[in-house]
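The exercises below are meant to be worked with the sequence and the coordinates open side by side. Each task is followed by a solution that proceeds step by step.

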Amino acid sequence: MALLEIRNVTRRFGDFIAVDNVSISIEAGEFFTLLGPSGCGKTTLLRMIAGFDLPDSGQILLDGKDMVDTPSEKRPIHTVFQSYALFPHMTVADNIAFPLRMAGKTSDEIKSRVREALDDVRLSNFGNRFPEELSGGQKQRVAFARGLVNRPRLLLLDEPLGALDAKLREEMQIELINLQKDMGVTFVFITHAQNEALALSHRIAVMNQGNIEQLDEPSRIYGFPRNRFVADFIGKISMINAQVLEAAPSHLKLMVAGLGEVTAPSKEGVRVGDTGVMAIRPEQVRISHHAEETELKNHFLGKVQGFLYVGDVTTYIVELPNGASIEALLPNSAPGRAKFFEAGDPVAVSWRHDAGIFLND
Amino acid sequence: MRRSNIWLWFAAALVYAFLYIPLVIVVVYSFNDSKLNAEWVGFTLSWYKALFNNHEMLTAARNSLIIAVSASFCATILGTMAGLAIHRYKLKFLPVLVFTPVAMPEILLGVALLLFFLQVLNLTLGMISIIIAHTTFCIGFVAIIVRARLQGMDESVFEAARDLGASPWQTFRLITLPLIMPAVVAGALMSFTLSIDDFVITFFTKGVGEPILPIQIYTMIKVAVTPEVNAISTLLMLLTLTMIIIASKLDSSVLRRGTK
């Protein structure tokens, strides 16, 4: 049985449907992520799991038991808030002790558990500090410790890394993965940052307008997005209008107007004549000098329109003869080299026949 | 110094002089060794001595203190509840109901309360009626201060408390109350100072018999402005000022930092 089961949950605010008939089941020990743009319903869903809000219809079951009548203080589910929500009038130790006190643990047990929790988040010497005396990253760790100290069945994390700067964020991501692994607590993480979701999760549910667009493992979400929304929301992707010419079990043949035939991996349910887009990630596209020979089937000429240098890699935007543009990514492996091509350069782009994906309209 | 600066300082000095010279005069003349408030003769504490031998004045002071303490006590509890309710339930009419007495002309409130006590409640006017009246107009002030405190706070700490296993009552006792405590204390002090020197509403709602400080002072002035009035005014000023200073300290420094 799944640890948490969300069954056909709907939540409306007036005319606005925040969560629209969503069903998810989350297994014990999982690091599960709800990913989506702001307003997609992920926060509403999280608040219903926590017990701050109730579904208009549908059920939320924990260990198979409907939680509709269980107020949030009775649910073995704790939350790490985006703002950390540390109690400003209590010391770090008292903050961490709070859930233990509420659970009626003895003071000896509280003391040792708090010490343990402080050690776990490497804040052993900060027990007597007040939250306002801590840095953002330290507050974050106190919030994790407080959420985990009473071993909840489920820990909900509401964009907990949103307020941190990029470097600290990466450190905390690694820390989070380790914490989850060590404690064995099931995490439900919500974020709008796709790279964070990919890095942390066992499974991701991509949400949009109250619906789940795709629920899968990170690599499948990235590699095999189910529709245009998912493809566009997760990572970078180029999309070129195409029509299906041939649908074989081994591959698809697509016709791109003004460009020619493109071979793409086969996909279930695609029929000859379907229109849609051929989507391909920048790192799958090879960019080379105009005249260079290639063995790749999908091979087109184009012109560099512009490029984006971000240090480790440079993304080139190449205009194809039919006016569409495609992005190609090239690592800057040669030191001190920002670019291999200039804007306006004639180039060739190519990709493997099993790269890219056809997405129906 | 720049010209505009000088003028600015000058204007400021003028405003403060206008505000504070009358008060300074009252204080200075309370130590004047003369029956007249006309010229400085010499330093004396005799007016204070006279004040403490004035039985009626002492009774008035005692009555006023009883009223101020009781009214601010009731107003603090009710006003805190009102502030919490206004903040939580976001009802449009609730703030209007609670804050209106603050803006209402005192004379109107006085008349209204008088009629209410006599004709609706059939109450004999006295200490109780004054306490109720003072509580009425103080509630709004407490509610305003408490709500302001709540508005500046991160809402999620209350949810966090519930989330971590605290019942609604535990959340109030362990989180909400400690966090709004500075505002509650500030509201209580504010109520006290408003109550102890209130004249208009007290005048309307007092009975015959027990003297009340502001009314007593007024009665004394009707005869002549004696330095004894200066002395009691100075003492009252000192008390009020102390309260205000404590309240403002709570409001600015402690309010921002939490209740540490």
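**Exercise 1. The two domains of chain A**

How many residues of domain 1 of chain A are in contact with residues of domain 2 of chain A, and how many of domain 2 take part?

Solution. The model is a predicted one, and the starting point is the division of chain A into domain 1, spanning 4–229, and domain 2, spanning 238–360. Counting a contact when C-beta atoms placed from the backbone lie within 7 Å, one finds 4 residues of domain 1 of chain A touching 4 residues of domain 2 of chain A. On the domain 1 side, these residues divide into 2 nonpolar, 1 polar and 1 charged. As a last step, the C-alpha centres of the two domains of chain A are found to lie 39 Å apart.

**Exercise 2. The sheet that contains β8(A)**

Determine the strand order of the open sheet of 6 strands in chain A, and explain why β6 and β10 each have one side without a neighbour in the sheet.

Solution. The order is β6-β7-β8-β3-β9-β10 in chain A, and the pairing is mixed. Because β6 and β10 (211–216) of chain A stand at the edges with a single partner strand each, one side of each is left without a neighbour in the sheet. Between neighbouring strands of this sheet the average turn is 20 degrees, direction ignored.

The pairings can then be followed strand by strand. β6(A) runs parallel to β7(A), to which 4 bridges join it, and T79(A) has L156(A) in β7(A) as its bridge partner. β7 (residues 154–158) of chain A pairs in turn with β8(A), in the parallel sense and over 5 bridges, with D158(A) standing opposite I190(A). Between these two strands the chain passes through helix α5 (residues 166–183) of chain A, in a β-α-β crossover that is right-handed. β3 (residues 31–35) of chain A also pairs with β8(A) in the parallel sense over 5 bridges, and here L35(A) stands opposite T191(A).

**Exercise 3. Burial in a strand and in a helix**

Which residues of β8(A) point one way, which point the other way, and are they buried or exposed?

Solution. In a regular strand the side chains alternate between the two faces of the sheet. In β8(A), T186(A), V188(A) and I190(A) point one way, while F187(A), F189(A) and T191(A) point the other way, and all are buried. The count for strand β8 (residues 186–191) of chain A is accordingly 6 of 6 residues buried.

For comparison, take helix α1 (residues 42–50) of chain A, where 9 of 9 residues are buried; among them are the charged residues K42(A) and R47(A). The residue that follows α1(A) is G51(A), whose phi is positive, near 100 degrees.

**Exercise 4. The sheet of 5 strands**

Identify the strand order, the pairing sense and the edge strands of the open sheet of 5 strands in chain A.

Solution. The order reads β15-β19-β16-β17-β18 in chain A, with antiparallel pairing. The edge strands, each of which pairs on one side only, are β15 (286–289) and β18 (325–331) of chain A. Neighbouring strands of this sheet are turned by 45 degrees against each other on average, direction ignored. Within the sheet, β16 (residues 298–309) and β19 (residues 346–351) of chain A run antiparallel and are joined by 6 bridges, H299(A) having S350(A) in β19(A) as its bridge partner.

**Exercise 5. The contact between the chains**

Describe the side of chain A that touches chain B by residue count, class and contributing elements.

Solution. The contact takes 18 residues from chain A and 18 residues from chain B. On the chain A side, β6 (77–80) and α2 (92–102) each supply at least two residues, and α2(A) gives the most, with 3 residues. By class, this side has 11 nonpolar, 5 polar and 2 charged residues.

Note on methods:
Residues numbered from 1 in each chain as written. Chains lettered and ligands numbered in written order. Predicted model: local features only at pLDDT ≥ 70, side-chain atom pairs only at ≥ 80, totals over all residues. Domains from an automatic or database assignment. Pairing = 2+ DSSP bridges. Axes fitted to C-alpha atoms, helices over the stretch in contact; angles between N-to-C directions. Buried ≥ 20, exposed ≤ 12 C-beta atoms within 10 Å, placed from the backbone. Right-handed = clockwise from strand over helix to strand, strands pointing away.
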